[in-house]
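Below is a short report on a single protein chain. Start with the sequence and the model, then read on.

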Amino acid sequence: MALAESVDRDANRALRARFDEVYGDYQRLRSGLDELQGRLAELRVTERSEDGQVTATAGARGEVISVELHPSVFQERDAKALSRKVTATIHRAGAAAVAATQELVAGYLPAGSGATDFLRTGDFGSLLGRADAVLRRSE
């Protein structure tokens, strides 16, 4: 019986060490996420039209925060051209903000994480890939 008890104690020590390691990783990730949330709330990306007449600022999700028009836009009488310029500038600001968000978030997640892949590709399969692999192994 002494051998079995020794093996059980060794297995328990190994499991406890692994749990402590995983829990430490979780605590580091959790504290990093609090910081990340604050940085995302403050993230702003500003883009300007080529001629500088339109300035658009977007937040972390690509949402429009503000649009500013230089007074010289009112000298032009081409409303459609102005509309295209405003729209293109807003789109660039939104896309740049989303890219900045992806880069920021990727820095807080483990390399090769499904969440990082999802942010880059928008593919929900990348979020579930690891769980699917575990389930396939257990079948």
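Of the 139 residues of the chain, 22% count as buried. The model is predicted. About 10,200 Å² of the chain is exposed, and carbon and sulfur atoms supply 56% of that area. Among contacts between residues at least 6 apart in sequence, 46% join residues at least 24 apart.

The chain holds four helices and three strands. Read from the N terminus, the order of elements is α-β-β-β-α-α-α.

Chain-level values:

| Item | Value |
|---|---|
| Residues counted as buried | 22% of 139 residues |
| Exposed area of the chain | about 10,200 Å² |
| Share of exposed area from carbon and sulfur | 56% |
| Contacts joining residues at least 24 apart, among those at least 6 apart | 46% |

**Helix 2.** This helix covers residues 79-106. Its 28 residues, at 1.5 Å a residue, should span 40 Å, and the end C-alpha atoms are 40 Å apart, so expectation and model agree. At the start of helix 2, a side-chain oxygen of Asp78 comes within 3.3 Å of the backbone nitrogen of Lys80.

Which residues of helix 2 are buried? They are Leu82, Lys85, Val86, Thr89, Ala93, Gly94, Ala97, Thr101, Leu104 and Val105. An α-helix has 3.6 residues a turn, so residues three or four places apart point the same way.

**Surface patch.** Val64, Val67, Leu69 and Phe74 form a nonpolar patch on the surface. Together they have about 350 Å² of accessible area. Leu69 lies in strand 3, residues 64-69. Leu69 counts as partly exposed because its relative accessibility is 38%, between the 20% and 50% cut-offs.

Notes
Residues are numbered from 1 along each chain as its sequence is written. This is a predicted model: local features need pLDDT of at least 70, side-chain atom pairs count only at pLDDT 80 or more; totals for chains, interfaces and linings use all residues. Side-chain values use heavy atoms; hydrogens and water are left out. Patches are made of residues with over 30% relative accessible area and no salt bridge: like charges are joined within 9 Å, nonpolar side chains (Val, Leu, Ile, Met, Phe, Trp, Tyr) within 5 Å. Accessible areas come from the Shrake-Rupley method with a 1.4 Å probe; for residues, only the protein chains shown count as cover. A salt bridge is a side-chain nitrogen of Lys or Arg within 4 Å of a carboxyl oxygen of Asp or Glu. Helices (H or I, at least four residues) and strands (E, at least two) are DSSP runs, numbered from the N terminus. Buried means under 20% relative accessible area, exposed over 50%, partly exposed in between (1.4 Å probe, protein chains only). The expected span of a helix is 1.5 Å times one less than its number of residues. A polar contact is a pair of N or O atoms within 3.5 Å; within protein, one must be able to donate a hydrogen and the other to accept it, and residues adjacent in sequence count only if both atoms are side-chain atoms. Contact means heavy atoms within 4.5 Å.
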